[in-house]
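Q: I'm new to reading protein structures, and I'd love a close look at one part of this one. Could you take me through the second largest pocket, and then show me what else is worth finding in the model?

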Amino acid sequence: MSYPYQIKSLEAYQEAWKKSIDAPADFWSEIANHFVWKKPWQNILDWEFKTPAIKWFEGAQLNITENCIDRHLKDKANQPAIIWEPNNPNDAHRLITYADLYELVNQFAHVLQNNGIKKGDRVCIYMGMIPELAVAVLACARIGAIHSVIFGGFSAQSIADRLQDAQAEFVITCDGAFRGPKDIPLKNVIDDALVTCPFVKRVIVYMHTKTPVSMLKGRDVWWQEEVEKIEDKHFPAACMEAEDPLFILYTSGSTGKPKGVVHSCAGYMVYTNYTFVNVFQYQPEEIFFCTADIGWITGHSYILYGPLSAGATSLMFEGIPTFPDAGRFWDIIDKYKVNILYTAPTAIRSLMAFGLGPLQNKDLGSLRVIGTVGEPINEEAWHWYDEHIGKKNCPIVDTWWQTETGGVMISNLAGITPAKPSFATLPMPGVEPLLVDEKGNEIKENNVTGNLCIRSAWPSTIRTTYGDHERCRTNYFATYDNLYFTGDGAYRDENGFYRITGRVDDVLNVSGHRIGTAEVENAINMHAGVIESAVVGYPHDVKGQGIYAYVIYNGLHGEEELIRKDIAATVTRVIGPIAKPDKIQLVSGLPKTRSGKIMRRILRKIAEGELENLGDTSTLLDSAVVDEIKNGKI
């Protein structure tokens, strides 16, 4: 498959971007014509941001799996769709061709149907990074069920919250998962979550680690046993309307409860394919290695739907970059002759810390493009990546986007448009960014910083937050009139290149994962000895942002180190290890205004080490507490 819509020059990019803004219906209909539709659209787009109400390819019918699998069988049946590299390098890897994937997905679609799952049902998937996770996701899409993948590091409480919000009556999981030297007991965590979710009717369990598990009669079934009952290797793909929900993916917000971001079938498919083909300048038969977990949007869009809809070979890795040693990524690249690597700045910074030893005797000559995702990449990491991984021979694509945007929004195109260290640079065709000040006035000049907004709808715009459309409106579309507000600040240079400067709301970006401060505070406050807490971010050498917690504690034992460990364990138990604070400072009070509002600005400055410049503290109820916090800074 060649890609007639692949941009091949800077001039072609400029033309494509202009057309996509001036005549979006014409632009996107040309691209959408390259996909398989059961019924064509009557109207390309109809949108407004007030409510919001966003529709793309209205009237069209399709099934995304026919575009990701079936249409490739004619000329790519024997090409690997997914290469799976296990956690342990001594275990056998797996090559799954498009023909294999067709069979596995169709087979499992029958299993889903046999277990009572039908079109429109919500299915929670909590699995390790194994091919069956991809199969489960695609089989849900095949039958028209709405998948909601939950990252394998989340706690039972976090899973229960998501199950309850989505009212998901079906769960797909594994007995356990391997992650570096650890075995994660996934089924046991699901069992704990289901104590408060009696509405769950069926749990399908894939045996992977051979961890002992409890299987409840009437509720729990083994994946392998269910597959053995299937004789028919074909399942007719459900006919989906363009705007039917494809999946729900939960993301942290500035309030405690996670938001279920909903993406639709058609717009998401077209946009993830278009961005995949253009950002990475993908060429047929290349090996594409995205190191993300499918539990995050990056895995959805650029391990599964983007690459597979483009007929690419997508490499899926079960383990972590430092197991069994810090050369693991480089071994994988050489083993499979990977052409494109897409990873997070956190991973790059953590591998930099091991020095150049792990790179000895690594060739990396197959690499053609390298990319980053999840957070802004700092210049030092960009240059290290460029010099030691790309050998100054591979364009680096620095991609900015969000769970809510579905696909890459701002990025250079590999080798086509200019790159600039630490800048995401230019918007994708279809994306019209702008900067506004606090009052919502557009800032038109360059060399300025402002709040990053998007002016018009793109195909994979968030459609709603599941079960709560008003929350979607207030979170993304109510801050500024008729604009999508990203929640990020950005700087625009003299060339119009954008650099993301970080969140402007109470959301932290820790190792590329968004975590709401309110969510962490709620978890800390569940600890029996905690009276109150406040959480802020601070610069962290590896994670980008670390979590700094100020805690008023009134417990029994006075051993500070033990108290800190207890509080950290509580956060791990309630949310998961990704939200564990890096620093916990025990304090006797928090800086509050007379109306009782915590002045986080002051706490943030102290955490960042800016002790001399705390700004105006005249509105504080008790300014002495600030000196105490400054003196006790960790």
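A: Happy to: here is a walk through the pocket, followed by the sheet, the aromatic pairs and a few single residues. Please keep in mind that this is a predicted model.

Let's begin with the pocket itself. The second largest pocket holds about 250 Å³ of space. Its lining is made up of 14 residues, and those nearest the centre are W17, P427, E432, P433 and Y498. Three elements each give two or more residues to this lining: α1 (10-22), β21 (433-436) and β22 (442-443). Of the elements, α1 gives the most, with three residues. If you sort the lining by class, you will find eight nonpolar residues, five charged ones and one polar one.

Two of those elements lead us on to a sheet. Strands β21 and β22 belong to an open sheet of five strands, ordered β22-β21-β23-β25-β26, with antiparallel pairing. The edges of this sheet are β22 and β26 (498-503), each of which pairs on one side only. Further inside the order, β23 (residues 448-454) and β25 (residues 484-492) run antiparallel and are joined by six bridges. To see this on your screen, find V448 and look across to R492 in β25, which stands opposite.

Now for the aromatic rings. The structure holds 42 aromatic pairs. One of them is W28 with Y271: the ring centres are 5.9 Å apart and the planes meet at 55°, so this pair is tilted. W28 sits in helix α2 (residues 24-32) and Y271 in helix α10 (residues 265-279), so the pair ties together parts that are 243 residues apart in sequence. Are these two residues buried or exposed? Both W28 and Y271 are buried.

Another pair is formed by Y268 and Y305, and it is edge-to-face, with 5.7 Å from centre to centre and 85° between the planes. Here too, distant parts of the chain are linked: Y268 lies in helix α10 and Y305 in helix α11 (residues 297-309), 37 residues apart. Y268 counts as buried because its relative accessibility is 0%. Y305 is buried as well, with a relative accessible area of 0%.

Next, take a look at helix α8 (residues 186-194), which is mostly covered, as seven of its nine residues are buried. The buried ones are L186, K187, V189, I190, D191, A193 and L194.

Two single residues make a nice contrast to finish with. T517 is placed in helix α16 (residues 517-525). Its relative accessibility is 4%, so T517 counts as buried. Leaving aside residues up to four places away in sequence, T517 touches D506, L508 and V535. K229, on the other hand, is found in the loop between α9 (223-228) and β13 (240-241). With a relative accessible area of 57%, K229 is exposed, because exposed means over 50%. K229 and V111 are 118 residues apart along the chain, and their C-alpha atoms are separated by 8.3 Å.

Terms used: Residues numbered from 1 in each chain as written. Predicted model: local features only at pLDDT ≥ 70, side-chain atom pairs only at ≥ 80, totals over all residues. Heavy atoms only, no water. 1 Å grid on protein atoms, 1.4 Å probe; cavity = no way out; pocket = protein on both sides within 12 Å on 5 of 7 lines; lining within 4 Å. Points joined across faces, edges and corners; volume = space filled by probe spheres on them. Helix = DSSP H or I, 4+ residues; strand = E, 2+ residues; numbered from the N terminus. Nonpolar A, V, L, I, M, F, W, Y, C, P; charged D, E, K, R; others polar. Buried < 20%, exposed > 50% of the residue type's maximum accessible area, 1.4 Å probe, protein only. Contact = heavy atoms within 4.5 Å. Pairing = 2+ DSSP bridges. Phe/Tyr/Trp six-rings, centres within 6.5 Å; stacked < 30°, edge-to-face > 60°.
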